[in-house]
Amino acid sequence: MERIEIDTARGKERVPPGQYLVGDRWPVLTYGATPEVDLRSWDFSVSGLVENPLRLTWEEWEELPTVEVKADMHCVTSWSKLDNLWGGVQAKRVLELARPKPEARYVSVFCDGGYTTNLPLEELYEEDALFATHHDGEPLTPDHGWPLRLVVPRLYAWKSAKWVRGLELLAEDRPGFWEQNGYHNYGDPWREQRYSFSL
Ligand SMILES: Nc1nc2c(c(=O)[nH]1)N[C@H]1C(S)=C(S)[C@@H](COP(=O)(O)O)O[C@H]1N2
Ligand SMILES: [Mo]
């Protein structure tokens, strides 16, 4: 399996300003309850501005080529967890299958349980952005997003949507759940883009 190790900090301080380390502990941060997911009715869809809309069953998802990505995780509530080894499918592989139209510039990510988040499309072409099924060699637990979560290591972790069910590609940005509720629209930890208002 291909192992991708990218310096999440990219030459900046490894731990972004205002963050503390949790060590081996891995907090669970969820708004609301952990949804129940049934793999028999589960699907993953890519819709909107794509040439080839996708709708994959779990069996079809499991056929996709996998990678491992080592990356740090930074939550806006100030904890950081370093050196997570994620296993899953690179986001750009999925986009290559769906073939975004030239007008597509943003992505709306949706999940079981109703959570949403938004990203510029180019963020999902970064080498370390993936849809993860595994963490440190083990399948994800339900609280951490089983069966599938998005991981976008270079942005605050609220963008790393758990229980992800699909993407919609858009020409105009569409703020997600936290982005509509006061969090920054982009969320770069090194620029401390925590909230959309100034403190
Ligand atoms: N579907 C969904 N995804 C989510 C959240 C959520 O509430 N619902 N919380 C986000 C936040 S704020 C963080 S910090 C990370 C936490 O991931 P963890 O619980 O696996 O540590 O998940 C993100 N993904
Ligand atoms: Mo978070």
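Strands are DSSP runs of at least two residues, and they are numbered from the N terminus. The exercises below use such strand names, and they concern a predicted model.

**Exercise 1. The enclosed space**

Find how many cavities of 30 Å³ or more the whole structure holds, and describe the lining of the largest cavity.

Solution. Begin with the count: a search of the whole structure finds 1 cavity of 30 Å³ or more. Next take the volume, which is about 60 Å³ for the largest cavity. Then list the residues around this space, which are Asp72, Met73, His74, Trp86, Val151, Val152, Pro153, Leu155, Ala157 and Ser160. Among the elements, strand E5, which covers residues 67–74, gives the most to this lining, with 3 residues. Finally, sort the lining by class, which yields 7 nonpolar, 2 polar and 1 charged residues.

**Exercise 2. Two open pockets**

State the volume of the largest pocket and that of the second largest pocket, and describe what lines each of them.

Solution. For the largest pocket, the space comes to about 420 Å³. Its lining consists of 28 residues, and those that lie nearest its centre are Leu29, Thr30, Tyr31, Tyr115 and Lys162. Divided by class, the lining of the largest pocket has 19 nonpolar, 6 polar and 3 charged residues.

For the second largest pocket, the volume is about 160 Å³. The lining of this second pocket includes Trp58, Trp61, Glu62, Trp146 and Pro147. Helix H1, strand E6 (79–90) and strand E9 are the elements that give two or more residues to the lining of the second largest pocket. By class, this lining has 7 nonpolar, 4 polar and 1 charged residues.

**Exercise 3. The rings around Phe44**

Classify the aromatic pair of Phe44 with Trp61 and that of Phe44 with Phe131, and say which elements each pair links.

Solution. The classes rest on the angle between the ring planes, with under 30 degrees counted as stacked, over 60 as edge-to-face and the rest as tilted. The structure has 15 aromatic pairs in total. In one of these, Phe44 and Trp61 have ring centres 4.8 Å apart and planes at 45 degrees, and the pair is tilted. This pair links distant parts of the chain, with Phe44 in strand E3 (residues 43–48) and Trp61 in helix H1 (residues 58–61), 17 residues apart.

Phe44 also pairs with Phe131, at 5.1 Å centre to centre and 75 degrees between the planes, which is an edge-to-face arrangement. Here too distant parts of the chain are linked, namely strand E3 with Phe44 and strand E9 (residues 130–135) with Phe131, 87 residues apart. As a last step, check the accessibility: Phe44 and Trp61 are buried, and Phe131 is buried as well.

**Exercise 4. A cluster of rings and a charge over a ring**

Name the residues that ring pairs link into a cluster, and find the ring over whose face Lys12 lies.

Solution. The cluster is made of Tyr31, Tyr115, Tyr156, Trp158, Phe177, Trp178, Tyr183 and Tyr195, which are linked by ring pairs. Two of these names have appeared before, since Tyr31 and Tyr115 are among the residues nearest the centre of the largest pocket. As for Lys12, the ring in question is that of Trp190, whose centre is 4.9 Å away.

**Exercise 5. Cysteines**

Why is Cys111 in no disulfide?

Solution. A disulfide is a covalent bond between the sulfur atoms of two cysteines. To count as one, the two sulfur atoms must lie within 2.5 Å. The nearest cysteine sulfur to that of Cys111 belongs to Cys75 and is 16 Å away, so Cys111 is in no disulfide by this cut-off. The count for the structure is 0 disulfides. As for accessibility, Cys75 has a relative accessible area of 7% and is buried, while Cys111 is buried at 8%.

**Exercise 6. The backbone**

Which peptide bond is cis, the one from Trp146 to Pro147 being the case to examine by its omega, and where do Ser78 and Arg99, with their positive phi, lie?

Solution. The bond from Trp146 to Pro147 has omega near 10 degrees and is cis. Pro147 belongs to the loop between strand E10 (138–139) and strand E11 (149–151). Turning to phi, Ser78 has a positive value of about 100 degrees although it is not a glycine, and Ser78 is located in the loop between E5 and E6. Arg99, which is likewise not a glycine, has phi near 55 degrees. Arg99 sits in the loop between helix H2 (91–98) and strand E7 (106–111), and its relative accessibility of 46% makes it partly exposed.

How values were computed:
Residues numbered from 1 in each chain as written. Chains lettered and ligands numbered in written order. Predicted model: local features only at pLDDT ≥ 70, side-chain atom pairs only at ≥ 80, totals over all residues. Heavy atoms only, no water. Phe/Tyr/Trp six-rings, centres within 6.5 Å; stacked < 30°, edge-to-face > 60°. Helix = DSSP H or I, 4+ residues; strand = E, 2+ residues; numbered from the N terminus. Buried < 20%, exposed > 50% of the residue type's maximum accessible area, 1.4 Å probe, protein only. Lys NZ or Arg CZ within 6 Å of the ring centre and 35° of its normal. 1 Å grid on protein atoms, 1.4 Å probe; cavity = no way out; pocket = protein on both sides within 12 Å on 5 of 7 lines; lining within 4 Å. Points joined across faces, edges and corners; volume = space filled by probe spheres on them. Nonpolar A, V, L, I, M, F, W, Y, C, P; charged D, E, K, R; others polar.
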